[in-house]
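Colleague: Could you walk me through this one while I have it open? I'd like to go piece by piece.

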Amino acid sequence: MIVSTGTASGKSLAYLTPAVASCLDGGTVLYLTPTKALAADQLRGLRELHLTQVRAATYDGDTPFEERTWIRRHANYVLTNPDMLHRSILPRHASWMSFFRRLRMVVVDECHGYRGVFGSHVAQILRRLRRVCVRYGSTPTFLLASATASEPGAFAMRLTGLEMDEVTVDASPKGSTTIALWEPPLTELRGEGGAPVRRTATAEAADLLADLVLADVRTLAFVRSRRGAETVALTARAKLADVAFSMPYTGTPLPATHRPETAKPTTTSPPQATHWSSDMALNNAIDNDPNNRPDHAPVNGPHHGSSHSPGQGPSSSPAIGSADRPAQGPAQGPADSPADGSAKGLAAGRCGSAPTGAPESDPAHIPSRNAPDNPLSWALPDISDLSNLPDKIAAYRAGYLAEDRRVLEKALRDGTIMGLATTNALELGVDVSGLDAVLIAGWPGTRASLWQQAGRAGRDGQDALAVLIARDDPLDTYLVHHPQALFGQPVEAIVLDPDNPYVLGPHLCAAAAEIPLTEADLPIFGPTTTDALDDLVNQGMLRARPTGWFWTRRERPTDLADIRGGGGSLIHVVESTTGRLLGSVDEPSAHTTVHTGAVYIHQGETFLVEALDLDADVALVTAANPDYSTFARDITDISILSTQRSHPLGQGTLHFGEVEVTRQVVSYLKRRFQSGEMLGDEPLDLPPRTLRTRAVWWTLPASAVTPLAEAGIDLGGAAHAAEHASIGLLPLFATCDRWDIGGVSTELHADTGLLTVFVYDGHEGGAGFAERGYARANDWLTATREAITSCECDRGCPSCIQSPKCGNGNEPLDKRGAVRLLNTLLTTA
Ligand SMILES: [Zn+2]
Ligand SMILES: [Zn+2]
C-alpha cells in the first residue's frame, strides 16, 4: 500500500498504528527513511508513546557498535536507511535471523526521495530484502508513504516490484497559503559578454528571512544548494547584526533591514519589538551563567550522562550527541568505551575549546562574543543585548554530524531559532511544525517539491505565506512568468529505472553473496536479470554452477554499488591549521565543490580550499572571508555508442541512446556574493572523468541550417544557446535538476556529421531523465523556446541562455539564432 498525500496530512499515523500493533502482536517492523535525521525524529515519537513492548532503536552509521548487538537481538522496531540495509543488515542477515523471522511490516517513509539513480538502487535493495524475507519464511506488508505524486501506485510498484494499492485522498484540515512568485530585479551589473545580471535569489531570500525573523514570523528558507543555504544564513545574520548595532534595544519597533532601491518591498508589516523581547527575557534568564556556554564547557563534558528531557530547553548544558541515544539497555557503556572514541573526538574537536591561533572572528558577520569555531553558539543565545539577534538564524544541511543536526532541529522546534536556511535535507520529513512562512530560493525542481516545501508553513490550520524566489535561470524565469505552469497542474511522476544495468549488476552480486541466486529468484529482479547474470559471469564477478549463481570473490560485493550516485571515494574536508574534520564530499562532487581555490562554507563559517589532494582524498581548507562564491566549470566531449530510438522532429531528427561522456573541470568562476557580479575565471588542473550514460539528442540537416547560416546566424552559438536553455528547462518534464544533466552542442559532430545538440544524464548508466526528454520533446523544446523569447534581455543573460557551469565561458552564444533553430525543430518545412 502507498499513501501519497500532502505535508502534515497524517501519513505517519497511517503507518504507525498498524506498525505498533504488529509489535504488540509479537512481530517486528523495519522502518526505512532516506535520512538519519528523520529516523531520529520517528524514534522520539515512538518513545513518547511509552509502550514498553515496543523496543525501538535507530540503526544507522551513528549507532555505536556495542548497541548494534543489542538491537539485532532485542529490538522489534528498527529504524534505518537504505544505505544501512544495503551495507550492513542484508549482508549479515544471519545475525538478524530472529528479527527477519518475525518481520510483519516494512515501512518505506518519504519514498518520493527515491528517484533517479538513487531510487533505482533502493528498488533493487528492496528486492534483495524481499528475498531475504522469503528465506526466513516471512511475508511482510510493505507500507509506503510519499508526498503527493502522479500515479503513486505505479511508482510504488516500480520501487518494490510488488502490486500496490494507493491512498491519495487528503482530508486533513488546512489553512490557506498565499503563494508569491518573486522575480529579483535586474541590476546595473554586467556579466559575461556584457549580459545584465539579476539580483541573486539567495540575496533576496536573505533579506526576506531577516525581515521575517525581525517580525517574529517563524520562517524556513529552502535553498537549492548546501552552499546557498549557508550563504543565506550568513547574510541574514549579518543583516540582523547591522540592525542590532544600529538600533540598541529600546522597546521600539525595529526597521526592516536595508534593501537596495531596486528590490521590491516586502509584504510583512512593521515588526513589533515586544514579540521577541519576551523570548529574550526567557532566554536571558536561563542563560545568565557565562560558564554555561559550550566554548567554556570541558571538552568531554557534554558527552557524559546528560539525559535530556524534551522540556529542558536549549540552555540545559550542551547535550551534544547524547540527546537521542536510546534510553534503554545499551545507553550505558558505549559512551565511554574506546570504540566510541573516534566519533567523540571529532565532536569534541568541533565544539571544544578554541585552539591557539584560531582565526579571528569577523565582527561584521558575527558580532557576538561567540568563539569562531563554535558552530553551536546559537543554541545558547545570550540576549542581554541585541548583538545576539543574529543567533536566531541558522543553517541546516544533511552533511552535518548527527549531534549538530539534532540540536538544530530542536532549537527550531522550541523557538530558539526563528529563521532557518536549509537545503532540501529538511524537506525529507524532519518533523518541524509551527512555521509561519516558507521562502523557496530557486525553483525546487518539481511541482511536487514546491507544494511539499510550501506545505511546511501553517501552524494548526492557520493561514501561511510561501514565496518562490526566481533564480537567474531559464526555468525559474519561465515559471514566474507562466504561473499556469504551476497552478492547476498535476504534480510530476517519480522517475526511476531499476533495470539500469549499472544498478542491477552490483545488486545481483550482493544478492548472490547473501544467498546464492537460483532460477526461482530471477523474476524478483526484473526482465533484464538473465542477461545481466550472463554479463557478470563473463566478467568473472559471479560463478555459474548447476545449483545457481555464486559470489566467490573475496571483496565485499556491496562496495560495487554506490547507492547515493556519485561513485568513487569520499574526500575529507580538513581545516589545515587545526586538523579538524569539517565534513566529507564524494569524489565527483569534490571536483566541483572543493577544488583548489573553492569557497567552502560550513555552518556559516567560510573557508577557502588551499589544496585538493585526490591521492590522499583530502581537501585542506583555511578559514577566510572572501566576498565571492565560486562555480566550477567543465568541458565535455561526447561520443555515441548506440542509438536506441529515433523519430523525425520538424525538419530534424530526435534520438535517444547510449553515449560516452568525458568531463573535465577546467576552471572556476568567481562571483560576488550579493550582486552576482563576475570577478574572474581561474584555471584548474583536474583529471577528466569518463561516464557511460544515456542521452537525448537532435540533429538538423544541412538543408535546414544552410539558410540560417546565410541569414547571418552563428550556428555554433545558436546550438550552444539552445543547449543551455534546454538543459535549464528539462527539469520541468523530468524529476531532475540541471545539475543532474549535462549537454554538448556542436555545429558538426563527428558521429552524426550534422549540427547536433545533446542532453545527457549525469549519472553512470543513465537515470531516466534524458529518456523523459525524448518522450516529451515537443513540450520541452517549446518551453525552451518560450523561455528564451520571453526573457527581456537583448543578447542573452543567465535567465535565458547563459549557464553558470559552461566550460566555454558562455562563448559563443546567439540568442536569436537559438530561437530560429528551435523553430526549425518545432515546425515542419
Ligand atoms: Zn535573457
Ligand atoms: Zn556552454
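Colleague: How far does helix 9 reach from its first C-alpha to its last?
Modeller: Helix 9 (residues 226-246; helices are DSSP runs of H or I, at least four residues, numbered from the N terminus) reaches 30 Å with its 21 residues, close to the 30 Å expected, where the expected span is 1.5 Å times one less than the number of residues. This is a predicted model, in which local features need pLDDT of at least 70, side-chain atom pairs count only at pLDDT 80 or more, and totals for chains, interfaces and linings use all residues. Residues are numbered from 1 along each chain as its sequence is written, chains are lettered from A and ligands numbered from 1 in the order written, and side-chain values use heavy atoms, without hydrogens and water.

Colleague: And how many of the residues of helix 9 are buried?
Modeller: 17 of the 21 are buried, meaning under 20% relative accessible area with a 1.4 Å probe, protein chains only.

Colleague: Switching to the metal, what coordinates the zinc ion (ligand 2)?
Modeller: His-720 (NE2), His-724 (NE2) and Cys-806 (SG) do, at 2.0 to 2.3 Å; donors are N, O and S atoms within 2.8 Å of the metal (3.2 Å for Na, K and Ca), and water is not among the atoms, so the site may look incomplete.

Colleague: Where do His-724 and Cys-806 lie?
Modeller: His-724 is in helix 19 and Cys-806 is in the loop between helix 21 (777-789) and helix 22 (815-826), so the pair ties together parts 82 residues apart in sequence. Both His-724 and Cys-806 are buried.

Colleague: What about helix 19 and helix 14, at what angle do they pack?
Modeller: Helix 14 (residues 474-481) and helix 19 (residues 715-729) pack at about 60°, with axes 7 Å apart; axes are lines fitted to C-alpha atoms over the stretch in contact, and angles run from 0 to 180 degrees between N-to-C directions.

Notes. Helices (H or I, at least four residues) and strands (E, at least two) are DSSP runs, numbered from the N terminus. Buried means under 20% relative accessible area, exposed over 50%, partly exposed in between (1.4 Å probe, protein chains only).
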